[in-house]
Amino acid sequence: MTASHSRSILVLGGARSGKSRFAEGLARDTGLDRFYLATGRAWDDEMRVRIETHKADRANDGWTTHEEPLDLAGALKALDQPGRVILVDCLTLWVTNLMMEEGRAVDADGAALAASLGELQATVIFVSNEVGLGIVPENKMARAFRDHAGRLHQAIAAEAAVVYFVAAGLPLKMKG
Amino acid sequence: MTASHSRSILVLGGARSGKSRFAEGLARDTGLDRFYLATGRAWDDEMRVRIETHKADRANDGWTTHEEPLDLAGALKALDQPGRVILVDCLTLWVTNLMMEEGRAVDADGAALAASLGELQATVIFVSNEVGLGIVPENKMARAFRDHAGRLHQAIAAEAAVVYFVAAGLPLKMKG
Amino acid sequence: MTASHSRSILVLGGARSGKSRFAEGLARDTGLDRFYLATGRAWDDEMRVRIETHKADRANDGWTTHEEPLDLAGALKALDQPGRVILVDCLTLWVTNLMMEEGRAVDADGAALAASLGELQATVIFVSNEVGLGIVPENKMARAFRDHAGRLHQAIAAEAAVVYFVAAGLPLKMKG
């Protein structure tokens, strides 16, 4: 039912579940050249400073950082090369960015991203927040957000070779 | 601790986790005659139209649809026959309906439903939303809802032969 | 990656997931002398009555109950003895209590607790609520709470010998 069509990996987890740290360890363990593709946007100077600090920390740790808030499939294609691992952190921020653009068909963007994974030669590791296991949010935008995020997770998971669910820093393999 | 007393299956998952699609696949794989027991209520004309569209789609796909918002145990008993699989979608809507009825002892209804499963000859597949893994809701009704849902899931899971937790469209077998 | 440095057990789960009942069963199965360490505080007379009722019920069932809202590491050390199992219910209430104290470094308290576990001779079973799998809360305190809880779960899980995730009353072993 869920054959893998790519060498992509999906790491799902809750807030402060240790999912990013786990994904960074997976990337390191591949032994490949490590690229970090950040989807988050700096909304003010304080955040810009924090982002630059993290970028410098990662550079000292062997990562090359790129940023792309919207055209994730394009950024992956531009970075794609055998011998590389690309860590995308994170899909939920990407969904947020897409929702803030007018007239964007978020689910279509997600389907296009998923469809593009099979052609990549790099190993791509996606980090994302599972947000659908609480009470239905009263806020309409929040409901739309978790619907988009849930559909994106299904689309990426269907193409991924391996899927992990992380809680309390511990990975649970759901596929692969 | 958790022996099964029925041939029922519980499929738990978050919003947009792919739990309903997974449950429909399970039903199809049994090869039995498929019945769909919908617990949702149409609150307005738009929803009535959507429900009728889904019902027609399922009919073309080999399902017979019944609707029952309150007396779930009675509806299962009425549909019960060997050679049938009954998909109940979903338990959380049923809890919502019960809570809207005055003076209803929701947990007692859930316990009675669970107790009735062992006598059924059909395979019953329950779909339900896990809603207890977020922050405590500020809204009192929402807190009561997740308490009722959580207790119902425990009661059904204790009687079920198989329990799945679905995330990103992928099933994790928790029992069976 | 996650070697255990103690004989502690962490039982994570959602609201009404059956996590406390599961943890009580684990404690019973050890055959050790059972101590119950409650972190919850009585905020009014009604709650005080409920707490006393539960305490009496547990006493009839073979438990000795202690209460400690803040100094959890100290309380564990005071109760520590070979041949004992100590059930801590629950970590999320402890985080709540710490956050209500002025000037408390919650994460440092959590790290100190985790670091102390390797020296204990009793088996300690921690119960805690996973709260990070819903939508980002709008309330700032709620966001801080789930960050503290998530970091504490990671710290305790790293030291624990066994970690369970409980849903619908069913345990899923994540470590050990």
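Me: Which strands does helix 1 of chain C lie across?
Reply: Helix 1 (residues 19-30) of chain C lies across strand 1, strand 2 (33-38), strand 3, strand 4 (84-89), strand 5, strand 6 (162-167) and strand 7, and runs at about 175° to strand 5 of chain C. Helices (H or I, at least four residues) and strands (E, at least two) are DSSP runs numbered from the N terminus; contact means heavy atoms within 4.5 Å. Angles run from 0 to 180 degrees between N-to-C directions of axes fitted to C-alpha atoms, for helices over the stretch in contact. The model is predicted: local features need pLDDT of at least 70, side-chain atom pairs count only at pLDDT 80 or more, and totals for chains, interfaces and linings use all residues. Residues are numbered from 1 along each chain as its sequence is written, chains are lettered from A and ligands numbered from 1 in written order, and side-chain values use heavy atoms, leaving out hydrogens and water.

Me: What's the strand order in that chain C sheet?
Reply: The open sheet of chain C has seven strands in the order 3-2-4-5-1-6-7, with mixed pairing (a pair needs at least two DSSP bridges). Strands 3 (63-67) and 7 (170-175) of chain C each have a single partner strand, so one side of each lacks a neighbour in the sheet.

Me: New topic. Which side chains form a salt bridge between chains B and A?
Reply: Arg16(B) and Asp147(A), at 3.2 Å, N to O. The cut-off is a Lys or Arg side-chain nitrogen within 4 Å of an Asp or Glu carboxyl oxygen.

Me: How many residues touch there?
Reply: 24 residues of chain B contact 20 of chain A.
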